[in-house]
Amino acid sequence: MIKKDLEVLVSLQDIDLMIEETSEVEKLGFSVSGYTELRKAREELAATLSKPMLFRYERLRAKLKRAIVPVKNDICLGCFLRQPTSLGIKGREDEEIFTCENCGRMLYWLD
Amino acid sequence: MNQSELSRYFSEHLFIPQLKAKNKEQAISELLDLFVKEKYIRNREIVLEMLHQREKLGSTGIGKGVAIPHGRTTAASHVLIAFGKSDAGINFDAIDGKPVHLFFMVIAPPNDEGNTYLPILGALVTLLNEKNNRDMLAKVKSFAEFLPIITGE
Ligand SMILES: [Zn+2]
């Protein structure tokens, strides 16, 4: 089950990425007949976040295109700045939301 | 993208010549588990959720016994493709209503270098539109037999 804020934010962004590329995948021959249903699922998921958290996500997204970016080998994949190893230890618990000091995006540790 | 470029996104570790899955849900899970086992994905639930949402948009069963479940996720760092085959066939709500035998699961990061994700999906669709390729893939038993069909050699 997805319940932590960070997981919800990642899922929300995953749906937003999907919505962005709907017309491209349709051109490739995939069915997108459930577009309205997907938009609805997106709004339902967004509504599970607190207003300030959703606002933070939307603002980052509007400004930087991606609100959350993966961190791999301690590197922020949004701007390639190295993150302190100690941050990753807490970051991987997915409980607290950390942001990249350089690009301001929220971080999601992959490994 | 040509076939030889496409072949680089496959791996022997992401290959199941005979899926155990009996239904759509199990097929998605079984393929996703390969990515988890290879430590390509840390949080299985997040990616499973993405794949479910993608099926809401429309079944990725594109017909003629082929499904290409796919999506970008913030929980991945590079593009990879898993392959699975079911001789018995699995009901995947495909657009032609037919059971699916060939599965290609494509997982991509939010941004990928050189933006290869959509060209990969396009190259897969083109490859699988050829009846000859589908027939050959339906017979593969090993990765060694599989890869030359993808590269077209
Ligand atoms: Zn950054």
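**Exercise 1. The surroundings of B:S59**

Which backbone oxygen lies 3.2 Å from a polar atom of the side chain of B:S59? Find this atom, then describe where B:S59 sits and what surrounds it.

*Solution.* Keep in mind as you work that this is a predicted model.

- Step 1: The backbone oxygen you are looking for belongs to B:D93, and it lies 3.2 Å from a polar atom of the B:S59 side chain.
- Step 2: Look for a backbone nitrogen as well. That of B:G61 lies 3.0 Å from a polar atom of the side chain of B:S59.
- Step 3: Place the residue in its chain. B:S59 is found in the loop of chain B between α3 and β2 (61-63).
- Step 4: Decide whether B:S59 is buried or exposed. Its relative accessibility is 9%, and the cut-off for buried is under 20%, so B:S59 counts as buried.
- Step 5: List what it touches, leaving out residues up to four places away in sequence. In chain B these are B:K24, B:F92, B:D93 and B:A94, and from chain A there is A:S31.

**Exercise 2. The helix before that loop**

Describe helix α3 of chain B: its span, its start and its buried residues.

*Solution.*

- Step 1: The helix covers residues 44-57 of chain B, which is 14 residues.
- Step 2: From first C-alpha to last, α3 reaches 20 Å, close to the 20 Å expected at 1.5 Å a residue.
- Step 3: Go to the start of α3(B). There a side-chain oxygen of B:N43 comes to within 3.2 Å of the backbone nitrogen of B:E45.
- Step 4: Pick out the buried residues. Among them are B:I46, B:V47, B:L48, B:M50 and B:L51, and also the charged residues B:R54 and B:E55.

**Exercise 3. An overview of chain A**

Sketch the layout of chain A from end to end.

*Solution.*

- Step 1: Count the elements: chain A has five helices and three strands.
- Step 2: Put them in order. From the N terminus on, they run α-α-α-α-β-β-α-β.
- Step 3: Add the dimensions. The C-alpha trace spans about 45 × 30 × 25 Å along its principal axes.
- Step 4: Add burial: of the 111 residues in chain A, 50% are buried.
- Step 5: Consider contacts with a separation of 6 or more. Residues 24 or more positions apart account for 58% of them.

**Exercise 4. Two arginines of chain A**

Compare the settings of A:R105 and A:R82.

*Solution.*

- Step 1: Locate both. A:R105 lies in the loop between α5 (85-91) and β3 (106-109), while A:R82 is in the loop between β2 (75-76) and α5.
- Step 2: Check accessibility. A:R105 is buried, whereas A:R82 is exposed, with a relative accessible area of 55%.
- Step 3: Look for a partner of opposite charge. A:R105 has no salt bridge, and A:E20, the nearest oppositely charged side chain, is 11 Å away.
- Step 4: Look for a polar partner instead. The side chain of A:R105 reaches the backbone oxygen of A:R66 at 3.0 Å.
- Step 5: Compare contacts beyond four places in sequence. For A:R105 they include A:L60, A:L64, A:C79, A:F98 and A:C100; for A:R82 they are A:N73, A:D74 and A:I75.

**Exercise 5. Two cysteines and a count**

How accessible are A:C79 and A:C100, and how many disulfides are there over all chains?

*Solution.*

- Step 1: A:C79 is partly exposed, at 23% relative accessible area.
- Step 2: A:C100 counts as buried, at 2% relative accessibility.
- Step 3: Recall that a disulfide is a covalent bond between the sulfur atoms of two cysteines.
- Step 4: With a cut-off of 2.5 Å between the sulfur atoms, the count over all chains comes to zero disulfides.

How values were computed. Residues numbered from 1 in each chain as written. Chains lettered and ligands numbered in written order. Predicted model: local features only at pLDDT ≥ 70, side-chain atom pairs only at ≥ 80, totals over all residues. Heavy atoms only, no water. Buried < 20%, exposed > 50% of the residue type's maximum accessible area, 1.4 Å probe, protein only. Helix = DSSP H or I, 4+ residues; strand = E, 2+ residues; numbered from the N terminus. Salt bridge = Lys/Arg side-chain N within 4 Å of Asp/Glu carboxyl O. Polar contact = N/O pair within 3.5 Å; in protein donor to acceptor, adjacent residues only side chain to side chain. Contact = heavy atoms within 4.5 Å. Expected span 1.5 Å × (residues − 1).
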